[in-house]
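I open this notebook to record what I looked up in the structure. The entries follow the order of my reading.

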Amino acid sequence: MLHIVVCIKQVPDSREIRIDPKTNTLIRQGVPAIVNFYDLHGLEEALRIKDEFGARVTVVSMGPPSADKALKQCVAMGADEGVLISDRAFAGADTLATSYVVALAIDKVGKEWGPVDIVFCGKQTLDGDTGQVGPGVACRLDFDQLTYVEKVEHLDDSKKEIIVHRHLEDGVERVKTKMPVLITALAELNKPRRAALPGVLKSVRYQPVVWTTNDFPDIDRAKIGLKGSPTIVGKTWVPEPKKVDTQMLTADSTDKLANELLDSLFGTELPAKLGWA
Amino acid sequence: MTVSHTSLRSGMGILAEERFDAIVVGAGPAGSAAAYTMATAGLKVALIERGEFPGAKNIFGGVLYRKQLEDLIPEWWKEAPLERAVIEQRMWILGKESAVTFSHRNERYKEPPNAWTGLRVKFDQWLASKAEKAGAVPIYETVVTELIRENGRVVGVRTDRDQGDLYGDLVVLADGVNSLLGKSLGVHKEWAPDEVSLAVKEVIALPKEKLQDRFNLEDNEGCTIEFIGDTFGMAGLGFMYTNQDTISLGVGVMVNDLKKKRIKPYEVLDAVKQHPSIRRMIQGGEVKEYSGHLIPEGGFTSMPPLSGDGWMICGDAAQMVNAVHREGTNLAVASGKMAGETAVLAHQRGDYSIKTLGEYDRNVKESFIHNDLKKYRGIHGLFKEMNSDTLFGNLPQALNDAAYEWLLVDGVFKKEKQKKAIRTLRNAAGGNIDLLRLGIKGWRAING
Ligand SMILES: Cc1cc2nc3c(=O)[nH]c(=O)nc-3n(C[C@H](O)[C@H](O)[C@H](O)COP(=O)(O)OP(=O)(O)OC[C@H]3O[C@@H](n4cnc5c(N)ncnc54)[C@H](O)[C@@H]3O)c2cc1C
């Protein structure tokens, strides 16, 4: 049976985040925590594969003890197991230290519950926005990495082959590769499901597996937590809203208005850029 | 609509394999109290709530009372999230630019405390968490769409989730004032516009010190103000309650009056905020939240039967609100507790028919819920009969005018002043006989 690992992170709900006008920093207090939006697309794709081919889905998250709620949500949706990697020693990690620990955890997941065929990550997190953890994990596991995937076109569970569409700036790349593979998910990939009632009931009583540093005897303590995080935040600021020229169009009929709009658009470089002219 | 569960079993194949002793719909004060009572007694309970978490979208004034919840959870106030302990209650009768006020302040309200101001977002979450800790299984973000019935007996609920049917020996309906489920059972109809009022409320932030100074409070002390009058001659009641560093300000107006006068509830609130007595209290405050909700006003005469085969109904869903004393949450908690106790009895007997569940009806009848609502049963009729303009417009204004004359030192003989004051009131009521009649009717309405 296929074994799929989904990496998730609990993040503050960005729809409810406000910025302190005095200090220019995020007010995180009192903001509800949710599963990072892109990660849910990764989970959904894993669950679809499970529905079609049968698979074991293990969800992995590094975070504080309160992140068990996020793992329970994944179990409600259909994941088989949730693993919370939680230890004070992991706190303060940047993307380098996080990828190191998450890769170790996936390796251990493979040893506990069978070799891993696919790892799903979100494209990026809502709170960090770097998109570095997925590729970092792939390198450490020595898996092929397929970033920015918007579609899984084909999967052959016996040949362990997968064909996906990667969304690039200038087009779409169709790639075929062999498992094991790490995929980072875009929102276009699918629409995450709402948990069915039996899943909700199961998740209420479910307790995720918790791994601390003690569960990783060979861990290099210099590579984890704040100590293992060389990233330095030089400065943060709120970007000034960009000033753009606005042109208001008026006309007495919608037809005329539409024509005027087209005329003015064709007066710019846009059609050439888009290959229309 | 009803569905039989045998047909379902063959039709869909998969069902939630779990069965519960009791299913509670709605995690407001009534539902959580019922779930807590049953779970504590060892019943297997499901607590279903449509909100993202209990209280997420619930609002009230709000004042929470000690007594009924204390009967359920001793010293609950020591752990519950509360705002301020109410030591003073004021009543304002508003004229256009004036107010006649009454109030009672008493240090004895501190030990033991009588009531607190609170916010539902926090309170409901806390009370539901007590039920969860007692063992109730929380099923949130889930809407119960209908009751499942078999041979006229309620045997479970259908939810809006996939494979969403859930079966239990009995269902406690605590789904609030709109109670679609109560309607589906046919125990009550759609509330008439004179059986509900629509309330709108703002939470206004104010620095703590300023708030305490304005309301004459120290530390954790709180104050409530209710006001009538100046609501465009519609039957309505306003409220202004002190929280830690916010003020809850709102008005509730009878839906039939809103319809008749074609005034939007927020217009009433906006006008109220301009009243000189209120404007000063909220000056400089920042509106943090805005919300609206229905309040059951039918009282005694609108209460439906409270139980049947496989079901009991409590709280707002059963119109259990004492509008005269702005008590609702305590009636909800008390009825939830009684429903829960009856469920435990039914579980022991293995009888979920109305024979045992009817015990709940009987207990409510002996409690303060039935008796207090009965005392005020005439109010609904009084409002129906009387013109709201008279009761909530002319009379409050006349009282203010009379007070003005009475206290104005202008050399007019006091005897004359007294006559004039009485005349003002009489005219507002529509003449001598009408004033007398109103007095008698009013007395009867509040004395059962
Ligand atoms: C503006 C205002 C001021 C008030 N002031 C006070 C006050 O100061 N003091 C006081 O004691 N009372 C006050 N009340 C009344 C008090 O709020 C109610 O009496 C009390 O909340 C009733 O509790 P309940 O549990 O019956 O219903 P609710 O508190 O309404 O709870 C019902 C719950 O059921 C859920 N639900 C509904 N339908 C479904 C469904 N189909 N599936 C799943 N879940 C569902 C709802 O989301 C909700 O959480 C006030 C009310 C209002 C509107």
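**Entry 1: the interface**

I began with one pair across the chains: the side chains of B:Asp160 and A:Arg194 form a salt bridge, at 3.4 Å from N to O. The rule I applied asks for a side-chain nitrogen of Lys or Arg within 4 Å of a carboxyl oxygen of Asp or Glu. Side chains of opposite charge can pair when their charged atoms come close. Across the interface of chain B and chain A, this rule gives two salt bridges.

I note the basis of these entries here. The model is predicted, so local features need pLDDT of at least 70 and side-chain atom pairs count only at pLDDT 80 or more, while totals for chains, interfaces and linings use all residues. Residues are numbered from 1 along each chain as its sequence is written, chains are lettered from A and ligands numbered from 1 in the order in which they are written, and side-chain values use heavy atoms, with hydrogens and water left out.

I then counted polar contacts and recorded five residue pairs between chain B and chain A, both residues at pLDDT 80 or more. Such a contact is a pair of N or O atoms within 3.5 Å; within protein, one must be able to donate a hydrogen and the other to accept it, and residues adjacent in sequence count only if both atoms are side-chain atoms.

On the side of chain B that touches chain A, strand 7 (137-139) and strand 10 (165-173) of chain B each supply at least two residues. Strand 7 gives the most, with three residues. I took strands (E, at least two residues) and helices (H or I, at least four) as DSSP runs, numbered from the N terminus. By class, I found six nonpolar, four polar and eight charged residues on this side of chain B. Here Ala, Val, Leu, Ile, Met, Phe, Trp, Tyr, Cys and Pro are nonpolar, Asp, Glu, Lys and Arg are charged, and the others, Gly among them, are polar.

How many residues does each chain bring to the contact? Chain B brings 18 residues and chain A nine residues, with contact meaning heavy atoms within 4.5 Å. The two chains bury about 1,100 Å² between them, 61% of it on carbon and sulfur atoms. In chain B, the residues that lose the most area to chain A are B:Glu18, B:Val137 and B:Arg161, together 40% of what that side buries. Buried area is the accessible area (1.4 Å probe) that two parts lose on being put together, summed over both.

**Entry 2: chain A**

I looked next at a hairpin: strand 10 and strand 11 of chain A form it with two residues between them. Eight bridges join strand 10 (residues 161-168) to strand 11 (residues 171-178), and the strands run antiparallel. Pairing requires at least two DSSP bridges. A:Arg166 stands opposite A:Glu173 in strand 11 of chain A.

In helix 1 (residues 37-53) of chain A, A:Arg48 and A:Glu44 lie four residues apart, about one turn of the helix. Their side chains meet in a salt bridge at 2.7 Å, N to O.

**Entry 3: backbone of chain B**

I found a cis peptide bond from B:Gly61 to B:Gly62, with omega near 15°. B:Gly62 sits in the loop between strand 2 (45-48) and strand 3 (63-65) of chain B. Another cis peptide bond joins B:Glu111 and B:Pro112, with omega about -5°.
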